[in-house]
Amino acid sequence: LVTKVLDGISGKIFFGYAKNISKKGLFIQSTNPREKGEVLVVEFSIPGNEKPFSCTAEVIWRRDFSYTSQYEPGMGLMFLDLPEDMADVIDNWVIEQADH
């Protein structure tokens with residue numbers, strides 16, 4: 001999922017790819033992950049759902065780029081204020097994707 005991220009401190013907007021998502025948070029692939037503890041505003045859309053999601057999220061871990069790593073660089077974000085009904089939509093979408 002393409003994810004729009006707003007850095008609340010600098011006001012800069014950047015885009016990343018959400019490679020893993022759940023009702024509690026997501027992983028965004030990025031060669032320039034933010035620092036642990038930073039709070040960001042994230043916006044994304046789930047395919048088949050016309051209403052975009054928007055909430056604040058905290059960086060809870062980061063993985064820097066390394067030529068020797070088999071893992072993608074990026075950051076794990078935990079949703080801080082995603083409404084429960086939107087969390088349920090994400091959860092149901094993830095379950096549907098797993099079934100395919």
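Two residues are in contact when heavy atoms lie within 4.5 Å of each other. Keep that in mind, as this is a predicted model in which the buried residues of helix α1 pack against β2 (13–21), β4 (39–44), β5 (53–63) and β6 (74–79). Let's walk through the helix, the core, the ring pairs and the strands.

**The helix**

- Helix α1 covers residues 84–99, and at 1.5 Å a residue its 16 residues should span 22 Å; the end C-alpha atoms are 23 Å apart, which agrees.
- Which residues of α1 are buried? They are Met86, Ala87, Ile90 and Trp93.
- Looking down the axis of α1, you'd see these buried residues fall within an arc of 125 degrees, so they line one face of the helix.
- There's a general reason to expect such a pattern: an α-helix has 3.6 residues a turn, so residues three or four places apart point the same way.
- Over on the other side of α1, Glu84, Asp85 and Asp99 are exposed.

**The nonpolar core**

- The largest nonpolar core has 22 residues, and those with the most contacts inside it are Leu26, Val42, Phe44, Leu77, Phe79, Leu82 and Ile90.
- Two or more residues of this core come from each of β2, β3, β4, β5, β6 and α1.
- In soluble globular proteins, nonpolar side chains tend to be buried together.
- Take Leu77 as an example: not counting residues up to four places away in sequence, this leucine touches a list of residues including Leu26, Ile28, Leu40, Val42, Ala57 and Val59.
- Lys24 and Glu58 are also among the residues that Leu77 touches.

**Aromatic pairs**

- How many aromatic pairs turn up in a search of the whole structure? The search finds four.
- In one pair, the rings of Phe27 and Trp61 have centres 5.5 Å apart and planes at 10 degrees; planes under 30 degrees apart count as stacked, so this pair is stacked.
- Phe27 sits in strand β3 and Trp61 in strand β5, so the pair ties together parts that are 34 residues apart in sequence.
- Is Phe27 buried or exposed? Phe27 is buried, with a relative accessible area of 9%, whereas Trp61 counts as partly exposed at 35% relative accessibility.
- Phe44 and Phe79 make another stacked pair, with 6.0 Å from centre to centre and 20 degrees between the planes.
- This pair also links distant parts of the chain, as Phe44 is in strand β4 and Phe79 is in strand β6, 35 residues apart.
- Both Phe44 and Phe79 are buried, and ring pairs link them with Phe53 into a cluster.

**Strand β4 and its partners**

- Side chains alternate along β4: Leu40, Val42 and Phe44 point to one face and are buried, while Val39, Val41 and Glu43 point to the other and are not.
- That fits the general picture of a regular strand, where side chains alternate between the two faces of the sheet.
- Strand β1 (residues 2–7) runs antiparallel to β4, and five bridges join them.
- β4 and β5 also run antiparallel, joined by six bridges.
- Glu43 in β4 stands opposite Lys4, and its bridge partner in β5 is Ser54.

**A buried serine in a loop**

- Where is Ser30? Ser30 lies in the loop between β3 (25–29) and β4.
- Ser30 is buried, with a relative accessible area of 12%.
- Leaving aside neighbours within four places in sequence, Ser30 is in contact with Pro73 and Gly74.

Conventions: Residues are numbered from 1 along each chain as its sequence is written. This is a predicted model: local features need pLDDT of at least 70, side-chain atom pairs count only at pLDDT 80 or more; totals for chains, interfaces and linings use all residues. Side-chain values use heavy atoms; hydrogens and water are left out. Helices (H or I, at least four residues) and strands (E, at least two) are DSSP runs, numbered from the N terminus. The expected span of a helix is 1.5 Å times one less than its number of residues. Buried means under 20% relative accessible area, exposed over 50%, partly exposed in between (1.4 Å probe, protein chains only). The arc is that of the directions from the helix axis to the C-beta atoms. A nonpolar core is a set of buried Ala, Val, Leu, Ile, Met, Phe, Trp, Tyr and Cys residues joined through side-chain atoms within 4.5 Å. Rings of Phe, Tyr and Trp (its six-membered ring) pair if their centres lie within 6.5 Å; planes under 30 degrees apart count as stacked, over 60 as edge-to-face and the rest as tilted. Two strands pair if DSSP finds at least two bridges between them.
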